[in-house]
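Here are my comments on the model, set out point by point. Please read them with the structure open.

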Amino acid sequence: QNLILLDEAIVYNAGHLFGFFSVFNGDAVKDLSLIKGGMPAQYGSRLASVLDISMKDGNSQRFDVDGGIGVIASRLTVQGPIKKDTASFIISGRRTYIDVLAAPFIKDDSPFKGSGYYFFDLNTKFNWNINSKNRVFLSGYFGRDVFSFKNTDDDFNVSIPWGNATTSLRWNHLFGPKLFMNATSVFSDYKFSFGAEQDGFAIGLFSGIRDFNNKVDFSWIPNTKHYVRFGAN
């Protein structure tokens, strides 16, 4: 009953490494809003809290590269203008190398050689400032956790990948100083699968949630004392 949004797309599993890492890369996040209860109507009918996260739009003035190398994960972010002051992009990626670090500690003759775990995620966003009244955004997220277990003595292999994929296309239009519109099309896809194989026998289990969503929100400010929001989903 918690609603987690990334650029208005629903994220169903917000944790890597069984919850120890967030799926949200801090290098790609612009701001977030947490509503602990009593959320506004545009968020739907969830009973608990809302976490609404927005990605950075990208630097429209100059190219910028940021990165970092950690003990178990590294990250890289590239952003810059496609056309200065008009269109920009940001691409941010991250991957853990727990599988690479653990490999030297597993002997070549070990029956568990080839077992491992890693996760990765990729954030992308493009925005185009068409004119003073129209702006278009296209953003996406793709992330996966991959756990594999092998036992060569028993010829037993297990693979468990899971993760989210989202895409958001937004159009902002300003009708005038008192009326603003945000129209959004959203695709969200969460997948979890389990596969095992032994002695030529294989089993596979799959679970997932796939959403297609279109909505339009209007903000109307008739005067300094009133702020009205309405729309459809």
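The points below cover strands, the nonpolar patch, aromatic contacts and salt bridges.

1. Status of the model. This is a predicted model. Please keep that in mind for every distance and angle below.

2. The E8–E9 hairpin. Strand E8 covers residues 73–83. Strand E9 covers residues 87–96. The two strands pair in the antiparallel sense, over 10 bridges. Together they form a hairpin, with three residues between them. One residue to look at in the turn is Asp85, which has a positive phi of about 65°. For a register check, take Gln79, which stands opposite Ile90 in E9.

3. E9 and its other neighbour. E9 also pairs with E10: nine bridges join these two strands, and they run antiparallel. Here the register can be read from Phe89, whose bridge partner in E10 is Phe126. Is E9 enclosed or open? Eight of its 10 residues are buried, so the strand is largely enclosed by the rest of the structure.

4. The nonpolar patch. Which residues make the nonpolar surface patch of about 590 Å²? They are Ile82, Ile91, Leu122, Phe126, Leu138, Phe142 and Leu169. Two elements give two or more residues each: strand E10 (116–131) and strand E11 (134–151). Ile82 comes from strand E8. Its relative accessibility is 56%, so Ile82 counts as exposed. Phe142 is another patch member. Phe142 is partly exposed, at 34% relative accessible area.

5. Aromatic pairs. The count comes to 10 aromatic pairs. In one of them, Phe120 and Phe142 have ring centres 6.0 Å apart and planes at 40°, so this pair is tilted. Phe120 lies in strand E10 and Phe142 in strand E11, so the contact ties together parts that are 22 residues apart in sequence. Phe120 is partly exposed, with a relative accessibility of 25%. A further pair joins Phe149 and Phe156. That one is edge-to-face, with 6.3 Å from centre to centre and 65° between the planes. Phe149 is partly exposed, with a relative accessible area of 26%. Phe156 is partly exposed too, at 26%.

6. An aromatic cluster. Phe63, Phe89 and Phe126 form one aromatic cluster. Two of these names have come up already. Phe89 and Phe126 are bridge partners across E9 and E10. Phe126 also belongs to the nonpolar patch.

7. Charges over rings. Two arginines are worth displaying with their aromatic partners. The charged end of Arg95 sits over the ring of Tyr118, 4.3 Å from the ring centre. Arg170 lies over the face of Phe137, and here the distance to the ring centre is 4.6 Å.

8. The Lys125–Asp7 salt bridge. The salt bridge count comes to nine. One of them joins Lys125 to Asp7, with the closest N and O atoms 3.4 Å apart. Lys125 lies in strand E10, and Asp7 in the loop between strand E1 (3–6) and strand E2 (9–10), so the pair ties together parts that are 118 residues apart in sequence. Are these two residues buried or exposed? Both Lys125 and Asp7 are buried.

9. The Lys30–Asp57 salt bridge. The side chains of Lys30 and Asp57 meet at 3.4 Å, N to O. This pair also links distant parts of the chain, 27 residues apart. Lys30 sits in strand E5 (residues 29–35), while Asp57 is in the loop between strand E6 (50–55) and strand E7 (64–69). Lys30 is partly exposed, at 46% relative accessibility. Asp57 is buried, with a relative accessible area of 16%.

10. How the charges connect. Which residues are linked in a network of salt bridges? The network holds Asp7, Lys30, Asp57 and Lys125. It therefore takes in the Lys125–Asp7 pair, with its E10 member and its loop member. I suggest viewing points 8 and 9 together.

11. The Lys191–Asp189 salt bridge. Here the side chains of Lys191 and Asp189 meet at 3.9 Å, N to O. The cut-off for a salt bridge is 4 Å. Lys191 is partly exposed, at 30% relative accessibility. Asp189 is buried, with a relative accessible area of 9%.

Note on methods:
Residues numbered from 1 in each chain as written. Predicted model: local features only at pLDDT ≥ 70, side-chain atom pairs only at ≥ 80, totals over all residues. Heavy atoms only, no water. Patch = residues over 30% accessible without salt bridge, like charges linked within 9 Å, V, L, I, M, F, W, Y side chains within 5 Å. Areas by Shrake-Rupley, 256 points an atom, 1.4 Å probe, with all protein chains shown as cover. Helix = DSSP H or I, 4+ residues; strand = E, 2+ residues; numbered from the N terminus. Buried < 20%, exposed > 50% of the residue type's maximum accessible area, 1.4 Å probe, protein only. Pairing = 2+ DSSP bridges. Phe/Tyr/Trp six-rings, centres within 6.5 Å; stacked < 30°, edge-to-face > 60°. Lys NZ or Arg CZ within 6 Å of the ring centre and 35° of its normal.
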